[in-house]
Number of protein chains: 2
Amino acid sequence: MKLPQYRKLQHLLKKQILTGIYQEGDLLPSENDLRLHHQITRTTVRQALDQLVKEGYIRKKKGKGSIVRSQRETLGLLSFHGFSEVVKATEHTGYTKWLKPSYWNDWGNTFFYPLSEKEKKAGCICIERLRSVDTDPVILEYTFIPNVLSPGLLQLPLVDQSLFKTLQYEYNIEVISVVQDVRALPANPVVAIHLELREQDPVLHIYRKYKTNRPDFFLYSSLYCNTAKYAIGSVFT
Amino acid sequence: MKLPQYRKLQHLLKKQILTGIYQEGDLLPSENDLRLHHQITRTTVRQALDQLVKEGYIRKKKGKGSIVRSQRETLGLLSFHGFSEVVKATEHTGYTKWLKPSYWNDWGNTFFYPLSEKEKKAGCICIERLRSVDTDPVILEYTFIPNVLSPGLLQLPLVDQSLFKTLQYEYNIEVISVVQDVRALPANPVVAIHLELREQDPVLHIYRKYKTNRPDFFLYSSLYCNTAKYAIGSVFT
DNA sequence: GAGTGGTCTAGACCACCTG
DNA sequence: AGGTGGTCTAGACCACTCG
């Protein structure tokens, strides 16, 4: 575990942002301050800050400084949920309902993405959630997590109700990229009931594979979206 | 027009990749070579290469070199079409049909994204294309280009049949990010006919706004996708 | 005018890959 | 062993922001 200097600074600053020591809109210490405090050169400081920019934690402004961005914005890029963005943009309120307690399962015969032997053997923890904007159900989400974490997610309470935050705080696991396949489908009965649609109404369906900073650990999701009222937004940079 | 050194090198290398001087899998000259040839320091060379990595033109390997990636992969990140990816992955052949010659139009009363006064006054050039995989129509695409380019896109032949390539070669305009809204809709009669679906069948619909390296120049698209056979893939990093 | 980030120089040592 | 990219040092000048 020999991290380069710039990674250490990067992780330190990220932690300080995530724990609220620096909040949205705050300025980080200047590159010069950081250089003096950590006894490294400005090049190295800049390397650390470049990473944080790439990850969306800060943006930089010439003559001003490094400005902390909101975590919503950060997630927005990755999540593609539209959920948080929609909620944020419209000042509606978002709500997530656990359809049932998370449970262990094997992967079934035909999982939507290929699995490694290790993943297959461990089975997975399944989470079924319904996400709403105000009182409108918008996303029905099935999440599949390989059961390879100790002590296991089943026993843990979630930080802030958020799976990603829990993984980050408890296991240092961070999502670094997402691959997804998107389709338009007619709603099946289960989907129709939860999303308050008629059967056969068009729904947006997304298969997702999340890559993390652990090379052998992935997350999987299957999402059904009612886009009648709210579209799903995303940004590519 | 005072470009920093690293931008110049970045653009030179990009041009050489796009024109095939360096092809997929080739190694770029080493950082040391580039430094000597261009009389700049390695730091500056690395800055240029970092940009190309970010844009997906190359990937770097320690002990090996900077390897040129395929342009398909590159576009894949931005395009979100799934079109080229699907075609590439399955070794089917892609085909684009101009439904009619491009034509001038005002924007209509309710364009899907807000427009600047300058854009409104100029009107737009419209392109209607149908993209197919083998013989299956997959994407019906309407593209709207503000009519602010001289001599105007209407008179120009397209490079490689590609709008993006034409903009890059003729005007030095490059797309740098995309904002989009995605929905599932029932097919209307026009869409149904072109995509060979029944009316009311679910189609994926995407509104897109492309941001370019010209701060005041955007492109707009509206896409209808038949996802019955081919899903739309995308990657977030 | 003082402080900030943006660009750049001229070196250095390391880990990794390949012959 | 020699070449590659990865990390890092210790400086410099510039353009921009703000009081």
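Reader: Which residues does B:Cys225 touch, not counting residues up to four places away in sequence?

Author: This is a predicted model. In it, B:Cys225 touches B:Val138, B:Ile139, B:Leu195, B:Val203, B:Leu204, B:Ile206 and B:Ile232.

Reader: What role does B:Cys225 have in the largest nonpolar core?

Author: That core has 22 residues. B:Cys225 is among those that touch the most other members, along with A:Val182, A:Leu204, A:Cys225, B:Val182 and B:Leu204. Strands E6 (136-146), E7 (175-186), E8 (202-212) and E9 (218-225) of chain A each give two or more residues to this core. So do strands E5 (136-146), E6 (175-186), E7 (202-212) and E8 (218-225) of chain B. A second, separate core of 19 residues includes A:Trp107, A:Ala187, A:Val191 and A:Leu197.

Reader: How many aromatic pairs are there over all chains?

Author: The count comes to 24.

Reader: Why is the pair of B:Tyr113 and B:Tyr220 called tilted?

Author: Their planes stand at 35 degrees. Stacked needs under 30 degrees, and edge-to-face needs over 60. The angle of 35 degrees meets neither condition, so the pair is tilted. The ring centres are 6.5 Å apart, and the limit for a pair is within 6.5 Å.

Reader: Where in chain B do B:Tyr113 and B:Tyr220 sit?

Author: B:Tyr113 is in the loop between strand E3 (94-105) and helix H6 (117-122). B:Tyr220 is in strand E8. They are 107 residues apart, and the pair links distant parts of the chain.

Reader: Why is B:Tyr113 classed as buried or exposed?

Author: The relative accessible area of B:Tyr113 is 12%. Buried means under 20%. Therefore B:Tyr113 is buried.

Reader: What about B:Tyr220, buried or exposed?

Author: B:Tyr220 has 0% relative accessibility, so B:Tyr220 counts as buried.

Reader: Which residues of chain A form one aromatic cluster?

Author: A:Trp107, A:Phe111, A:Phe112, A:Tyr113, A:Phe144, A:Tyr207 and A:Tyr220 form it.

Reader: Turn to the DNA. What makes the link between B:Arg42 and DNA strand D a polar contact?

Author: An N or O atom in the side chain of B:Arg42 is 2.7 Å from a base nitrogen of DNA strand D. The cut-off for a pair of N or O atoms is within 3.5 Å. The distance of 2.7 Å therefore passes.

Reader: Which part of DNA strand D do A:Gln5 and B:Arg46 approach?

Author: Phosphate oxygens. One is 2.5 Å from a polar backbone atom of A:Gln5. A polar side-chain atom of B:Arg46 lies 2.9 Å from a phosphate oxygen. Helix H3 of chain A gives the most to the surface near DNA strand D, with 4 residues.

Reader: How do the residues near DNA strand D divide by class?

Author: There are 3 nonpolar, 11 polar and 10 charged residues.

Reader: What is found around DNA strand C?

Author: Of the 24 residues around DNA strand C, A:Glu31, A:Arg42, A:Arg46, B:Gln5 and B:Thr44 come nearest. Sugar or phosphate holds 67% of the strand's atoms within 4 Å of the protein, and the rest belong to bases.

Reader: How do you know that A:Gly63 makes a polar contact with DNA strand C?

Author: A backbone N or O atom of A:Gly63 lies 3.3 Å from a base nitrogen of DNA strand C. The limit is within 3.5 Å, so the pair qualifies. An N or O atom in the side chain of A:Arg42 is 2.7 Å from a base nitrogen of DNA strand C. For B:Gln5, a backbone N or O atom lies 2.4 Å from a phosphate oxygen of that strand.

Conventions: Residues numbered from 1 in each chain as written. Chains lettered and ligands numbered in written order. Predicted model: local features only at pLDDT ≥ 70, side-chain atom pairs only at ≥ 80, totals over all residues. Heavy atoms only, no water. Polar contact = N/O pair within 3.5 Å; in protein donor to acceptor, adjacent residues only side chain to side chain. Nonpolar A, V, L, I, M, F, W, Y, C, P; charged D, E, K, R; others polar. Core = buried A, V, L, I, M, F, W, Y, C linked by side-chain atoms within 4.5 Å. Buried < 20%, exposed > 50% of the residue type's maximum accessible area, 1.4 Å probe, protein only. Contact = heavy atoms within 4.5 Å. Phe/Tyr/Trp six-rings, centres within 6.5 Å; stacked < 30°, edge-to-face > 60°. Near = heavy atom within 4 Å.
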